[in-house]
Amino acid sequence: MEQEQRTYSRVAARLKGLACRAESPDLPPRFRTAPRRDGSAPPMITAGLPEGLMDFLLEMDAKLDQILVGQRQDQLRQDYPLDLDIQEISGAGVRFSCAEPLAEDQVLELVMVLNQYPLRLAAAVGRVRGEEGGLRRFEFTFIREHDLEAIVQFVFQEQREEIRNRKWA
């Protein structure tokens with residue numbers, strides 16, 4: 001069996017994923033996520049507005065985004081019919097289980113739910129690799145920079161939480 005080369009930290013996770021078969025491992029995912037805002041508004045919008053009002057408007061914008069995403073859930077399920085249970089995640093790929101049979105080197109597009117609220121999704125294209133302990137490996141072959149950043153942030157957050165839990169256990 002080939003030796004896995006790791007350049008990213010990996011953490012255990014219990015995430016939901018949706019997937020569909022993809023044409024090529026080199027094409028970007030059809031699913032697009034927006035780069036994450038840091039909670040600040042563009043300067044042209046903030047000119048002359050009180051800080052409290054600006055905070056309220058940004059919070060309202062985030063809530064409206066959540067409502068719109070919720071309405072698209074049915075379409076997302078139609079576009080990505082394969083259900084995946086992601087057990088491990090890193091910036092290089094995931095380990096998952098799936099009820100559907102998948103062939104070695106099968107090219108998939110994967111959409112991962114990193115956070116329920118606020119909803120945080122990430123998408124990638126990659127190849128299904130070997131099976132180990134009932135889990136398939138999925139290696140990313142194309143991922144947008146902001147999706148990779150979201151995954152790396154998720155991994156760091158999980159590692160911090162694990163360290164805190166060990167400290168207080």
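Which residue stands opposite Arg95 in strand 6? Let me come to that by way of the strand pairing, keeping in mind throughout that what we are looking at is a predicted model.

I will start with strand 3, which covers residues 93-98. Five of its six residues are buried, so strand 3 is largely enclosed by the rest of the structure. Strand 2 and strand 3 pair in the antiparallel sense over six bridges, and a hairpin of two residues makes the connection between them. If you want a place to look in that pairing, find Ile89, which stands opposite Val94 in strand 3.

Strand 3 also pairs with strand 6, residues 135-142, again in the antiparallel sense, here over four bridges. This brings us back to the opening question, and the answer is Arg137, the residue of strand 6 that stands opposite Arg95.

Now to the aromatic rings, of which the structure holds two pairs. Phe31 and Tyr80 form an edge-to-face pair, with 6.3 Å from centre to centre and 85° between the planes. This pair links distant parts of the chain, since Phe31 sits in the loop between strand 1 and helix 1, while Tyr80 sits in the loop between helix 3 and strand 2, 49 residues apart. Phe31 counts as buried because its relative accessibility of 14% is under 20%, and Tyr80, at 2%, counts as buried too.

The other pair is Phe138 with Phe140, also edge-to-face, at 6.0 Å centre to centre and with 70° between the planes. Here Phe138 is buried at a relative accessible area of 2%, and Phe140, at 13% relative accessibility, is counted as buried as well.

Terms used. Residues numbered from 1 in each chain as written. Predicted model: local features only at pLDDT ≥ 70, side-chain atom pairs only at ≥ 80, totals over all residues. Heavy atoms only, no water. Phe/Tyr/Trp six-rings, centres within 6.5 Å; stacked < 30°, edge-to-face > 60°. Buried < 20%, exposed > 50% of the residue type's maximum accessible area, 1.4 Å probe, protein only. Pairing = 2+ DSSP bridges.
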